[in-house]
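Please look through the sequence and the coordinates shown here before reading on. The paragraphs after them go through strands, loops and charged side chains in turn.

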Amino acid sequence: MRFISVFIVALILSLSLNAQDVVREHDIVPEDYFDIATITACELSPRGDRAAYVESRWGKAKEGRKNDLWVVDLHSRATQRLTFDGFGPGHVTWGPEGEWIYFSGSKPGADGEKPPFDKSRQVWRIRPNGEGTMAVTRVKDGVKQFELSRDGAYLYYTISEKIYEDEWK
């Protein structure tokens, strides 16, 4: 199902790009490759009318890659950016009724001592219109991967734990 979701979004985006005449204004140089955007995660809404995706592109100067969460309406092709300022969303999934989009990310500008404000990667949720961003997890050292149950009642996640073994015993 995820492969189909990614394929659908890629197809829609490519159709919209092919519909426009592209005029090359200069020769391609290495710096042009920093303008390339990549879709790194994609999920179709439960009703199939929208898709949420993570777009990754290079930041200005030496800022590195920036990821942002977007939603596209599959009928109108209208897009809306949901995250800003380096939230760094990763995995994305919809709630069962399409009322929430869940994603992993780190709170930008967070300087707290406890999760989710300690810059650790947590699971967040946001409404498809960009409102109501809130942390779902508050796990020490952050969440690595997550999955939402089909009914949306449970959130399963993995964490990393360092294990030290004393080989000299």
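In what order do the 4 strands of the open sheet stand? The order is E5-E6-E7-E8, and the pairing is antiparallel. Strand E5 (92-94) and strand E8 (134-135) each have a single partner strand and stand at the edges, so one side of each is left without a neighbour in the sheet. This is a predicted model, so the confidence values come next. The chain has a mean pLDDT of 84, with 82% of its residues at 70 or more. Confidence is highest in E5, at 97, and lowest in helix H1 (residues 2-18), at a mean of 59.

Within the open sheet, strand E6 (residues 101-105) and strand E7 (residues 122-126) run antiparallel and are joined by 5 bridges. One of the pairs is Gly-105 with Gln-122, the latter in E7. The loop between E6 and E7 holds Ser-120.

Is Ser-120 buried or exposed? Its relative accessible area is 9%, and the cut-off for buried is under 20%, so Ser-120 counts as buried. Two polar contacts involve the side chain of this residue. One, at 2.6 Å, is with the side chain of Asp-118. The other, at 2.7 Å, is with the side chain of Gln-122, the residue that is also the bridge partner of Gly-105. Leaving aside residues up to four places away in sequence, Ser-120 touches Gly-105, Ser-106, Pro-115, Val-139, Asp-141 and Gly-142. Gly-105 therefore appears both as a contact of Ser-120 and as the bridge partner of Gln-122 in E7.

Strands E2, E3 and E4 are the next topic. Strand E2 (residues 50-58) runs antiparallel to E3, and 9 bridges join the two. In this pairing Tyr-53 stands opposite Trp-70 in E3. E3 is also joined to E4, by 3 bridges and again in antiparallel fashion. Val-72 has Thr-79, in E4, as its bridge partner. In a regular strand, side chains alternate between the two faces of the sheet.

How many residues lie between E3 and E4 in their hairpin? There are 5, and Arg-77 in the turn has a positive phi of about 70 degrees. Arg-77 is placed in the loop between strand E3 (65-73) and strand E4 (79-81). Its relative accessibility is 40%, so Arg-77 counts as partly exposed. The C-alpha atom of Arg-77 is 9.0 Å from that of Arg-50, although the two residues are 27 apart along the chain.

Arg-50 leads on to the charged side chains. The count of salt bridges comes to 4. Arg-47, Asp-49 and Arg-50 are linked in a network of them. Asp-49 meets Arg-47 with an N to O distance of 3.7 Å, and Asp-49 meets Arg-50 with an N to O distance of 3.9 Å. The members of this network differ in exposure: Asp-49 is buried, with a relative accessible area of 17%, whereas Arg-47 counts as exposed at 63%. Arg-50 is buried, as is Asp-49.

Another salt bridge links Glu-55 and Arg-57, whose closest N and O atoms are 3.0 Å apart. Here Glu-55 counts as buried, at 15% relative accessibility, while Arg-57 is partly exposed, with a relative accessible area of 34%.

Conventions:
Residues are numbered from 1 along each chain as its sequence is written. This is a predicted model: local features need pLDDT of at least 70, side-chain atom pairs count only at pLDDT 80 or more; totals for chains, interfaces and linings use all residues. Side-chain values use heavy atoms; hydrogens and water are left out. Buried means under 20% relative accessible area, exposed over 50%, partly exposed in between (1.4 Å probe, protein chains only). A polar contact is a pair of N or O atoms within 3.5 Å; within protein, one must be able to donate a hydrogen and the other to accept it, and residues adjacent in sequence count only if both atoms are side-chain atoms. Contact means heavy atoms within 4.5 Å. pLDDT is the predictor's confidence in each residue, from 0 to 100.
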